[in-house]
Every structure is written in structure tokens, then in C-alpha cells.
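Here's a quick tour of the empty spaces in this protein. Have the chain open as you read.

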Amino acid sequence: MTLSTSSCICSNYSNPLSLTCTTTCTTPTSISPITIKRHQRPPIRLALLRSSSTPSGMDSIVGQSLYPLHRCKTIHLVRHAQGIHNVEGEKDHEAYLSEELFDAHVTPLGWKQVANLKNHVEACGLSKKIELVIVSPLLRTMQTAVGVFGGEAYVDGIDAPPLMVANTGKSSHPAISSLNCSPFIAVELCREHLGVHPCDRRRSISEYKPIFPAIDFSLIESDADILWKPDTREKDEDLARRGRKFLDWLLTRPEKEIAVVTHSGFLIHALSAFGSDCHPSIKSEICKPFNNCELRSVVIVDRGMIGSDSSTTNYPGKIPSGPDLPSDVAKEKHPGI
């Protein structure tokens, strides 16, 4: 698999207060492995876009790669909006150990960040392109996902369940409609570092379903959070492997344009394998830490045939059939002419 920054740079967003464009599993033995119920395929070696090789005697094509369109997906990566743990943890890192931050919710400032990012994705047209929203099943990520990619305020009588009911997560935010929205699926593979920090422990799925009625939780196998352990923090290298497993799974999805709302630690370690064979500025674009409510658009390329999508735009030609040998091939076939 290959990952590159998207050529559609207008979709990238990093400033939570203004609309700004930028250029852009194995788990520890004490933590149960995360699985996805469907679309499972063997993992493949990860690689990054690199210069194309060219025949001897031709000018080298530096920094270019070419792949069939149907082997590519556009992924819009989003870190959740500011949560209460971000505020308290910046004051005192020991606060991350506090049970008061269990399943941290979005702050009032975070909801303003959500509103600004929503304005951005609508202004640049992303809201109409995204076919699927994948979200980590924690309160702050689901609040961010439905706030950014969901519909308008929900009112009684709408013939669709709300994505989020009113006042969810100690907020005064109104309910959010699922009308005319892409599907939302909760996936455990894109959770934050597992273990030790209560802010990264999720509630039971049965608690989430009534407050996020239109999010699909069917890929989560356990109602209770059996992955988070109070005395074992997931190792960075294990989180990186989980991130690669998640990206492999994305390639098996039928959708071509997907939003993923997740966490800083997950993004840092999932993307760490990419960019080493590119210009340093590209490596920086891919791997630098995310701000709260930052969006970056990237393209992943299925070089290992993990997915099986066929092209919807390729056309075989020769319809109706007739002679069509290129001139150089015809010359080889009829050398005397």
C-alpha cells in the first residue's frame, strides 16, 4: 500500500478558528487483539510513493508515480475537537490518570472548532463527496464526527433517526440529524492508545446507542470495553501495527472517498511508516502531529491487490471491432512495406 498527500489541497484544514488551506495487530499480550468482523484480508508490506524507474537513456521522472484510479482511495483524516482531557492534561500531565476524564467529551471551545470545520467541508465541497464516515467509538470522536459530517439540527417528525441526541456528553448542543448524510460506522481499530488513561476508555456500546442512534456499531464485537487495561499502556509499535491493519482494512471497503475521525496518537503512529523515501517536506506533511479538529486529505494506493474494485471509468474500446494496429507494430508485422 502507498500513501500520498492528496492533490486536492483545498480540503486540508488545520486552523480551528479560521478556514485555512494547507499543502497537503498485534497488541500487547495483556490487551485483547482488535478484530473487524468483515472485509478481512491478509496484511501487505507498506510503502510510500517513490520516483518512477525509467529505461536507460531517458530522463528520470523524479517524484512521480502513476497508478490505476480504481486502485486508489481518498481518505480525509480528522483529529477530534478539543476534549476536556486536552485542557486538563496540558495543565498537569498526571491529570490523564484521573477517572474524572473517563471517556472525555468535547469542550465548548471544541464545539466551536467543530462548527468551523463543518463550514470548511461544506465550502470546499467535501461534504458532498464523502461516501462513508468511520469513527473511533469514544465520546469526543463521535461528537466531532457527527458535528462535522452530520446534517443540520434534528427536529421531531424527521423520518430518520438522529446521529446524536441533544445535550450529549455534558454539552448544550442540539440534536443532529442523519438526513441526507453518509453512513457512519464505529470501528475499534482506530481508537487511541489503549490502557491506563481513563480518557481513552470507552463506555459500553449499549450506552452509546441511545445517544448516537444513527451510528452503526455492528462491527464492534464486545459491548463492554475489553481492550482497555488499567495497568498496561499499548506500546507505540503495537499501535503502529494496528494503524497499518486499519489502513489495510480501508482498502477492502467499496467506498472511494472516506472520512476517518480519530485521535492524535493513533494518527501519529499509523502514519509513521510513510514518507521516508520522499522529499522531507512531504514526510512532514504526512507525519507531523495533528491539531484538534484538523483535517488532512491523503490518497492510499492498493499496490498489493488487497481490494478487488473494478474500474467504473475505464472503457475497453474497439467497439465495434476493426483493424487497429499501431504504426510501429504494423511495421514489424510487414517489414517489407
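A cavity, on a 1 Å grid over the protein atoms alone, is a set of points where a 1.4 Å probe fits but cannot get out, and its lining residues have an atom within 4 Å of a point. A pocket is an open set of points with protein on both sides within 12 Å along at least five of seven lines. This is a predicted model, where local features need pLDDT of at least 70, side-chain atom pairs count only at pLDDT 80 or more, and totals for chains, interfaces and linings use all residues. Residues are numbered from 1 along each chain as its sequence is written, and side-chain values use heavy atoms, leaving out hydrogens and water.

**Largest cavity**
- The largest cavity holds about 60 Å³ of space (the volume filled by probe spheres set on grid points, which are joined across faces, edges and corners).
- Its lining is made up of H70, R71, C72, K73, L251, K256, D302, G307, S308 and D309.

**Second largest cavity**
- Here you get about 40 Å³, lined by L77, F246, L247, F266, L267, A270 and L271.
- Helix 7 (264–270) chips in the most, with 3 residues.

**Largest pocket**
- The largest pocket comes in at about 320 Å³.
- Of its 17 lining residues, R79, H85, N86, Y96 and S264 are the closest to its centre.

**Whole chain**
- Buried residues (under 20% relative accessible area, 1.4 Å probe, protein chains only) account for 51% of the 337 residues.

Note on methods
Buried means under 20% relative accessible area, exposed over 50%, partly exposed in between (1.4 Å probe, protein chains only). Helices (H or I, at least four residues) and strands (E, at least two) are DSSP runs, numbered from the N terminus.
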